[in-house]
Amino acid sequence: NQFQSFHGKGGGRLIFTVTLNPALDKTVTIPAFAVGKVNRVAGMRLDPGGKGINVSKNIQSLGGQSVAMGILGGAAGRYIESCLNGMGIETDFVHTKASTRTNLKIIDPAQKTNTDINEAGENISGAAVHRVFLRLMNRVAPGDFVVLAGKSPPQTRDTLFEEWARQLKSLGAKVCMDVDGPMLLHGVKAAPDLIKPNEEEFERLTGKRFSSLKE
C-alpha cells in the first residue's frame, strides 16, 4: 500500500537509482565445486548487477518505475543497458571507455554454497562521475527519491555521497544510501533519509558490537 501510494498517478514523484560501479553478474552452477581442480559448468546466466540497478529491477517487479543512472562502459556496459531497457526500465547512464566490471558467482547445489568473485572495476575519471551528478541534479524535483548504492569506482573520494546527499536534499529530494565503509561514515553526516546497513556494516559504522536484535 505504501508503494502504491508513493507511485499514485497523482503524485508524480520519481525514484532515481545511482550505481557508479555496476557489474555484469555471471552466475554459473557447478555441482560439487572443487578448488584447484577442473570443474564443469552445468548452467550459466548473465544479469545486470550493482546495488542501485538491483533496486531498479525490484521496483520494476513490483509494478513501479524508476530511472537507473550511473556509469557504464564497454561490451558489458552495453549489455547491461540493453537488458534494463528490455525490462522496461528507463536508463540515463554516462558512458566511458573504461569497461564495466564482470563479477563471477558460483552456485554449488550439492554443497549448498554460493561463492562470489568480484572485480574492483576500472578507474573512472572524476569528470565522468561529475557528469552523473549534473544529470541527476538537472532531473531531480522536490519529493523525488534518490538511491545512492553500491561500491564506488577505485580512487573515488570518500566524501562523494555526503556532498551529493547535501545537494540533493537542498532540492527537496529524499536520499536513501546503501554503501559501506568510509563512504557510509561520511555519508551519514549529511543525514540521509534512509540507510540500509547489514549487521557488520552497522557495527563498523557505530564502532560497537551487537549480540542481540534488541541491542
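The lining of the largest pocket is made up of nine nonpolar, twelve polar and twelve charged residues. The pocket belongs to a predicted model. Its volume is about 660 Å³. The structure also holds eleven salt bridges and one cavity of 30 Å³ or more.

**Largest pocket**

- The largest pocket has a volume of about 660 Å³. In total, 33 residues line it.
- Lys51, Arg101, Asn118, Gly150 and Lys151 are the lining residues closest to the pocket centre.
- Three strands each give at least two residues to this lining: E2 (23–29), E3 (43–49) and E6 (101–108).
- Helix H2 (51–61) and helix H6 (182–187) also supply at least two residues each.

**Lys51 and Asp178**

- Lys51, among the residues closest to the pocket centre, also forms a salt bridge with Asp178. The closest N and O atoms of this pair are 3.4 Å apart.
- Asp178 lies in strand E9 (residues 174–178) and Lys51 in helix H2, so the bridge ties together parts that are 127 residues apart in sequence.
- Asp178 is buried, because its relative accessible area of 11% is under 20%.
- Lys51 counts as partly exposed, at 34% relative accessibility.

**Asp92, Arg135 and their network**

- Side chains of opposite charge can pair when their charged atoms come close.
- Asp92 and Arg135 meet in a salt bridge, at 2.8 Å from N to O.
- Asp92 lies in strand E5 (residues 90–96) and Arg135 in helix H4 (residues 126–139), so the pair links parts that are 43 residues apart in sequence.
- Asp92 counts as buried at 16% relative accessibility. Arg135 is partly exposed, with a relative accessible area of 33%.
- Salt bridges with shared partners join Glu90, Asp92, Arg135 and Arg139 into one network.

**Asp180 and Arg204**

- Asp180 forms a salt bridge with Arg204. The closest N and O atoms are 2.6 Å apart.
- Asp180 lies in the loop between E9 and H6, and Arg204 in helix H7 (residues 199–206), so the pair ties together parts that are 24 residues apart in sequence.
- Asp180 counts as partly exposed, at 25% relative accessibility. Arg204 is partly exposed too, with a relative accessible area of 47%.

**Cavity**

- The structure holds one cavity of 30 Å³ or more. The largest cavity has a volume of about 70 Å³.
- There are 14 residues in its lining. Leu20, Asn21, Ser99, Thr100 and Ile124 are the closest to the cavity centre.
- Strand E4 (residues 67–73) gives the most to this lining, with three residues.
- By class, the cavity lining has seven nonpolar, five polar and two charged residues.

**Surface patch**

- Val41, Met44, Leu46 and Tyr79 form a nonpolar patch on the surface. Together they have about 350 Å² of accessible area.
- Leu46 lies in strand E3, and that strand also supplies at least two residues of the lining of the largest pocket.
- Leu46 counts as partly exposed, at 31% relative accessibility. Patch residues need over 30% relative accessible area, so Leu46 qualifies on that cut-off at 31%.

Conventions: Residues numbered from 1 in each chain as written. Predicted model: local features only at pLDDT ≥ 70, side-chain atom pairs only at ≥ 80, totals over all residues. Heavy atoms only, no water. 1 Å grid on protein atoms, 1.4 Å probe; cavity = no way out; pocket = protein on both sides within 12 Å on 5 of 7 lines; lining within 4 Å. Points joined across faces, edges and corners; volume = space filled by probe spheres on them. Helix = DSSP H or I, 4+ residues; strand = E, 2+ residues; numbered from the N terminus. Nonpolar A, V, L, I, M, F, W, Y, C, P; charged D, E, K, R; others polar. Patch = residues over 30% accessible without salt bridge, like charges linked within 9 Å, V, L, I, M, F, W, Y side chains within 5 Å. Areas by Shrake-Rupley, 256 points an atom, 1.4 Å probe, with all protein chains shown as cover. Salt bridge = Lys/Arg side-chain N within 4 Å of Asp/Glu carboxyl O. Buried < 20%, exposed > 50% of the residue type's maximum accessible area, 1.4 Å probe, protein only.
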